[in-house]
Amino acid sequence: MSVQDLPIDPPVRWPSNGLSEVPFRVYTDPEQYRLEQERIFKGPSWSYLCLAGEIADPGDWVATTVGEVAVIVARGDDGAINAFVNRCAHRGNLLCITRKGHAKEITCIYHGWSYDLAGHLTGVAFARGVKGQGGMPPEFRKDERHLQRLRVAELCGLVFGTFDEDVEDLETYLGPLVVGGMKRVLNRPYHVIGRSTQILPNNWKLYAENVKDTYHASILHSFLTTFRINRLSMPGSINIDDSGGNHFSQAKLDYAAEDADYKAAKLRSDTDLKLQDNSVTEAFDEYGDQVSVQILTVFPNMVLQQVRNTIAVRVIRPKAVDCTELDWVHLGFDDDDEAMTERRLRQGNLIGAAGYIAMEDGCVGGFVQRALQYNDAGSGVVMMGGHDAQSQTFRASEAAIRGFWKKYRAVMGG
Amino acid sequence: MADDKVRLGIHELIAAYSDCIDDDRLEEWPDFFVEDCRYLITDRESHREGLRHGVIYCASRGMLIDRVTSTRRVLMYEPHRYRHIVGPVRVGAMTDGTAEATSNFIAVRIMHDGETGIFATGRYLDRIDVRSEPYRFIERVVVLDSRKIDTLLAIPL
């Protein structure tokens with residue numbers, strides 16, 4: 001057992017064993033952040049890696065991160081997806097420097113060590129020396145120097161990886177509810193229609209909580225209420241897996257009533273703010289179940305969203321204790337016609353760094369982080385809807401946030 | 001090839017556009033566009049790959065007006081403004097009263113507390129209606145050099 005494996009208590013202490021109080025220092029403590037990298041991201045969690053479609057052909061690779069750890073995901077000659085650390089076994093150099101590429105093998109630029117697409121060390125430059133001098137000693141064995149591999153699993157065209165040998169398989173990890181929520185949204189072949197990255201000036205967990213927070217949506221995002229898009233009476237639900245870490249929330253919409261409302265609004269002559277062009281919100285019930293918003297999370301780093309007809313994967317990438325990057329991968333379906341594509345593009349204004357109902361999430365975490373600066377004693381409160389992390393048939397609740405902390409504490413200890 | 005008068009008009013339009021945003025006269029911003037316009041903020045890599053989604057995607061002047069209304073009266077963000085520095089404008093092909101133009105820009109963001117930094121750099125790809133004055137954008141594609149946006153993008157570029 002290495003020193004690192006010794007069971008030490010995390011530096012942040014919890015006020016109780018309950019889930020509804022969160023110590024502020026959990027967002028500010030650098031040692032806590034370091035321990036999260038070990039225990040969560042390199043621990044028994046399935047992290048989102050990439051879309052299977054990004055590495056469609058043998059030889060395709062993408063460079064990504066699991067927590068802050070650099071990882072390569074590659075499609076091998078046999079068609080299988082492999083993931084391994086982006087760190088040369090020789091001197092620790094970064095092997096893949098750009099975001100994606102295509103190669104027969106992966107060669108380190110520093111000393112020319114080469115690996116196949118499964119991370120096996122296949123070549124060592126000058127292994128036998130030069131002119132009979134130098135070279136590796138006879139006890140050096142290439143097969144002992146492979147790149148550390150991650151276990152890989154694919155679901156709905158999303159590729160996940162884990163450093164942990166023992167964590168349950170992906171679908172068990174997600175639980176049947178969340179697997180169902182994922183399959184509902186990604187129910188047919190899809191492709192990328194856009195990408196962007198948002199730099200969030202806050203701890204990664206503030207964003208992880210934000211997407212599980214059904215309480216804030218109609219308050220912080222006043223676009224919804226101003227333009228009467230969000231009806232507080234809309235039926236909805238919060239669905240949380242047994243571990244607490246994974247969830248999806250849903251809100252339904254009476255599409256026909258909204259359409260009638262728009263038509264009525266055009267006849268009204270009151271001075272209320274009105275949209276000049278309603279196409280930004282004009283949605284089509286493409287799943288035929290009236291669900292207009294579904295936000296799904298996978299602990300620790302992925303969000304799958306359906307906001308009306310915008311479909312996106314969001315990847316949460318911790319960069320420092322007070323800095324996070326949020327990657328947005330916007331999707332369209334292969335069977336979209338031009339009208340549907342245009343609809344998705346127009347509704348795209350709702351989400352992302354400039355999104356009418358997402359922009360505020362970019363700054364509010366930073367405001368929390370700033371408020372906690374050298375003022376991080378005490379705890380925040382997440383008691384809306386009770387103290388546990390059970391699924392609920394209403395949304396005025398912080399149950400999914402409590403689920404996050406249930407999972408977090410199970411993995412982190414403390 | 002556009003004549004000098006048209007060229008000058010295009011230069012004026014592009015300079016006036018940045019002044020409008022930087023002077024916080026956002027209400028006038030939609031008037032720089034024709035009714036049936038397109039305004040897109042994308043990034044270099046997405047643009048090269050032909051990805052059509054934009055951080056902002058407006059396909060009518062009405063959508064621009066909604067952006068302004070939302071920015072002014074609805075959205076919550078920390079007060080800030082931009083200073084655009086637009087480089088030399090190159091006027092390209094002209095067909096049927098539509099001129100193409102390109103220019104490079106730096107947008108500096110000045111926060112309410114004075115914190116100042118480069119927010120975005122990129123390239124404007126414009127198609128401009130020059131049939132009558134005032135000239136207006138038919139299309140303005142803002143191609144950012146970087147895919148990373150710090151915190152949020154509330155004010156148009």
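**Exercise 1. Determine how chain A is divided into domains and describe the contact between them.**

*Solution.* Step 1: chain A comprises domain 1 (47–153) and domain 2 (177–412), with bounds that come from an automatic or database domain assignment. The structure is a predicted model, in which local features need pLDDT of at least 70, side-chain atom pairs count only at pLDDT 80 or more, and totals for chains, interfaces and linings use all residues. Residues are numbered from 1 along each chain as its sequence is written, while chains are lettered from A and ligands numbered from 1 in the order in which they are written.

Step 2: taken over C-alpha atoms, the centres of domain 1 of chain A and domain 2 of chain A are separated by 36 Å.

Step 3: the contact (C-beta atoms, placed from the backbone, within 7 Å) takes 7 residues from domain 1 of chain A and 9 residues from domain 2 of chain A. On the side of domain 1 of chain A that touches domain 2 of chain A, β2(A) gives the most, with 3 residues. Helices (H or I, at least four residues) and strands (E, at least two) are DSSP runs, numbered from the N terminus.

Step 4: by class, that side of domain 1 of chain A has 2 nonpolar, 4 polar and 1 charged residues. Here Ala, Val, Leu, Ile, Met, Phe, Trp, Tyr, Cys and Pro count as nonpolar, Asp, Glu, Lys and Arg as charged, and the others, Gly among them, as polar.

**Exercise 2. Establish the strand order of the open sheet of 7 strands in chain A.**

*Solution.* Step 1: the order is β2-β11-β10-β5-β4-β3-β6 (chain A), with antiparallel pairing; two strands pair if DSSP finds at least two bridges between them.

Step 2: β2 (47–51) and β6 (100–102) of chain A are the edge strands, each pairing on one side only.

Step 3: β2(A) is joined to strand β11 (residues 158–162) of chain A by 4 bridges in the antiparallel sense. In β11(A), A:Leu158 stands opposite A:Leu51.

**Exercise 3. Characterise the fold of chain B.**

*Solution.* Step 1: chain B has 3 helices and 8 strands, and from the N terminus its elements follow α-β-α-β-α-β-β-β-β-β-β.

Step 2: the radius of gyration of chain B (over C-alpha atoms) is 15 Å, close to the 15 Å given by the globule rule for 157 residues, so chain B is as compact as a globular protein of that length. The globule rule is 2.2 Å times the number of residues to the power 0.38.

Step 3: the C-alpha trace of chain B spans about 45 × 30 × 25 Å along its principal axes.

**Exercise 4. Analyse where chain B meets chain A.**

*Solution.* Step 1: 31 residues of chain B are in contact with 32 residues of chain A. On the chain B side, β2 (56–58), α3 (61–73) and β8 (148–150) each supply at least two residues, and α3(B) gives the most, with 7 residues.

Step 2: by class, this side of chain B has 15 nonpolar, 8 polar and 8 charged residues.

Step 3: strand β12 (residues 190–200) of chain A and β8(B) run parallel and are joined by 3 bridges. A:Gln198 stands opposite B:Ile149 in β8(B).

Step 4: helix α8 (residues 338–347) of chain A has buried residues (20 or more other C-beta atoms within 10 Å of their own, placed from the backbone), including A:Arg343 and A:Leu345. The buried residues of α8(A) pack against β12, β17 (310–320) and β18 (323–333) of chain A together with β2 of chain B.

How values were computed
Two residues are in contact if their C-beta atoms, placed from the backbone, lie within 7 Å. A residue is buried if 20 or more other C-beta atoms lie within 10 Å of its own, exposed if 12 or fewer, and partly exposed in between; C-beta atoms are placed from the backbone.
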